[in-house]
There are 2 protein chains.
Amino acid sequence: MQRGTFQLMKSVNKSIVLNKIRTSEPISRAQIAKETSLTPPTVGSIVKELIEQGLVRESELGHSSGGRKPTLLHINTNSLYVIGVDVGPEKVDCILTDLTGEVFERTSYLLTRPLTNEQFLAILKDNIYNLIKESQLDEEQMIGIGVAMHGVVDVESGTSLVAPILNLRNVPIREQLEKEFNLMVKVENDARAMALGESWFGGLGDFESTVAVNIGRGVGAGIVLNGKLYHGAQGMAGEFGHMTIDINGKTCECGNRGCLQTLVSGEAIAERGREQLKDHVGKLTGKDIFELAENGNPFCIDLLRDTGRIIGIGLTNLIHLVNPSIIVLGGGVMLSEKFIMPALLEAIDERVLTNEAQHTNVIVTKLGNDATILGAVSLILIELFEPILIG
Amino acid sequence: MQRGTFQLMKSVNKSIVLNKIRTSEPISRAQIAKETSLTPPTVGSIVKELIEQGLVRESELGHSSGGRKPTLLHINTNSLYVIGVDVGPEKVDCILTDLTGEVFERTSYLLTRPLTNEQFLAILKDNIYNLIKESQLDEEQMIGIGVAMHGVVDVESGTSLVAPILNLRNVPIREQLEKEFNLMVKVENDARAMALGESWFGGLGDFESTVAVNIGRGVGAGIVLNGKLYHGAQGMAGEFGHMTIDINGKTCECGNRGCLQTLVSGEAIAERGREQLKDHVGKLTGKDIFELAENGNPFCIDLLRDTGRIIGIGLTNLIHLVNPSIIVLGGGVMLSEKFIMPALLEAIDERVLTNEAQHTNVIVTKLGNDATILGAVSLILIELFEPILIG
DNA sequence: GAGTTTAATATATTAATTAAATTAATTTAT
DNA sequence: ATAAATTAATTTAATTAATATATTAAACTC
């Protein structure tokens, strides 16, 4: 049980100050005091500690309107670094960023199958070693490794329980990486990491709740409430792809009928296309549909519009149940944004019950593929910056 | 912004102690210290304050196993009282309870329509005055009035925005009752109040998240996370009834097609019955279907089973998205529990993706109709007892 | 260059915790 | 029956980290 202690009092204030600097840099001590209604001495002593920890730095003096010039404070971008890893079905991407999420180094490695747990872990380690080496930075300056992994992840232990496409089971990622690099390691499911990445780096502003939906090979969502990932009781909150929306519909790979995924995943779109475009050369993919639509193929345009409509129906269910402040859409299917979004927004507008909820922000990610790997980085950053919320 | 202050530290600990007493009474100071890992002096001084405030009382000495006998502490049940009001489509119920939710007085008033805002408010006031008078208690001993109101409620201002069946709009319930009784007043939507009531008084144990679903005239849900109601960005979280599960289904009163409500509400069941049982005398209601099923009518038994299956499909969507620790079902339709539950549980078991989530607790309310009005009471109790959570 | 303004720090006070000691009340052992 | 041990609750002192107030530092204004 989290008691009311002096450490609590302090860490609450420290978190308030650090987050104020993060979201409003450059900012002076005096300004922080004003905006947080903490007293100047409190802000001063906290800032002193943050500078000692290397999280914050001072810069030049700011402008004064009559009086001593304020010393401006910044998040320190050249002393501490974070490593983010994105394990997708086909490749392992690694990035090295500073505390603001700016990327300094990148590696990418194509996975070949089959793959044993040991081989997979060796690849992870190699790539991270390479990344650090390339960056020419000291290992001392790293604070942690965040891993976004497709499939089912046990967050507590940092284990990949099932990664269906890579055919891996029970990989103790955290244990192994912690031992190897002696750094904090966090592991999270990729859709959820994406949601966190959007919420931290998506430039969305200060929303109470964010849902990020990935529509690609599969359909998944992550829910961020008050800046933190919401996992649910058994860690399966956000399983958006297997929401039944057509009780008599097609059978899904999960065994149920009418899952959203059977209607709007990349493969589902391609399949719907194949039924109609039988004269198309080669195996038709989702990407082909998009290109055909771009070239004015009316059937493909309609197909993508209808996909947008169905996604909109699914999102309406999401709005009615979870009612997030903002929904961010990403994934391969959303590359067809141009055809999908108008129909999608129209469907939501038409279906949502109340006027206020009609104004739920629904946008396409501005981070592209990087949302997930930046989310992996956020898993570590959140340990430093996470607002400690009271309520 | 909630800063880290001495008051915060104190209120956190006070809340921990009070809730420990509430959930584990009778309990001694020493035991509280052990279980909360607060120090004995801290517990002692907080208990002293709680006793002064009239929230806690001491009782006889407990058993000792060698040493001074412990003084046992209880929630004080005979000094402070709460009023709960449930405004349904047909009647206004009021109860007066002590701090443990035990009911001391009850009134019920049948509403007649049409009804103006003024008439409605007058009825509310009259009933509350009556309740207090009957109880022969002092108005000083009341701490607040909680109101559960059907329809759309603005929780901030305590206003009933739309109450469709009573045909009321913009009734400033909180403002009016606060002025009249000079007590704290909280107003909440009835499905959400029900969820809070279940979570507080349902004897469910200590769950992280509870969803209560009311299936009756309409279908609605309330979500309780960490003991507190989750409203969502525009206060519409839990609009479970208008979840699309049959994209090509019947048109709902909301204008959309295939809402869960069009398949499983009391009226929906009755309608499905009518199509088949044309020789039935009089207008067939949901209740009739239940009675016919009880008497062995195979069509009605199947109809209720199928209803259970469809509710199960809806709940599976809920589990996949929100993944609550426990789901509590109530409302008129659940009176047919006997026929509905087996099919419902089977559908969930069949459809939920992971083994762990298959074990989501799904139960029928033990509070019956009182869940909602006890939820109204909880709206006030939560102000006294609510755990202040850090994280 | 004196006076005013603003920023940052130093000092004193205060709230509420923890640790250690004390007092209180029983049970158990001899 | 009395002493020793055990447990409960309270008191006292020390500690932490806040706030309030005063002071120092560094501008700008005229």
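Colleague: How is the accessibility of Lys186(A) to be read: buried, partly exposed or exposed?

Modeller: The class follows from the relative accessible area, and partly exposed lies between the cut-offs of 20% and 50%. In this predicted model, Lys186(A) has a relative accessible area of 26% and is therefore partly exposed.

Colleague: With which residue does Lys186(A) form a salt bridge?

Modeller: The criterion is a side-chain nitrogen of Lys or Arg within 4 Å of a carboxyl oxygen of Asp or Glu. Lys186(A) pairs with Glu383(A), and their closest N and O atoms are 3.7 Å apart. This contact joins distant parts of the chain: Lys186(A) belongs to strand β11 and Glu383(A) to helix α13 of chain A, 197 residues apart. Glu383(A) is partly exposed as well, at 41%.

Colleague: Which elements does the pair Lys338(B) and Glu294(B) link?

Modeller: Lys338(B) lies in helix α11 (residues 337-351) and Glu294(B) in helix α9 (residues 286-294) of chain B, with their positions 44 residues apart. The closest N and O atoms of this salt bridge are 2.8 Å apart. Lys338(B) is exposed at 54%, whereas Glu294(B) is partly exposed at 38%.

Colleague: Which residues are joined into one network by shared partners?

Modeller: Lys10(A), Lys14(A) and Glu49(A) form such a network of salt bridges.

Colleague: Is Asp93(A) buried or exposed?

Modeller: Asp93(A) has a relative accessible area of 16%, which is under 20%, so Asp93(A) is buried. Its salt-bridge partner is Lys91(A), with the closest N and O atoms 3.2 Å apart. Lys91(A) is partly exposed at 36%.

Colleague: How many salt bridges does a search of the whole structure find?

Modeller: The search finds 33 over all chains.

Conventions
Residues are numbered from 1 along each chain as its sequence is written. Chains are lettered from A and ligands numbered from 1 in the order in which they are written. This is a predicted model: local features need pLDDT of at least 70, side-chain atom pairs count only at pLDDT 80 or more; totals for chains, interfaces and linings use all residues. Side-chain values use heavy atoms; hydrogens and water are left out. Buried means under 20% relative accessible area, exposed over 50%, partly exposed in between (1.4 Å probe, protein chains only). Helices (H or I, at least four residues) and strands (E, at least two) are DSSP runs, numbered from the N terminus.
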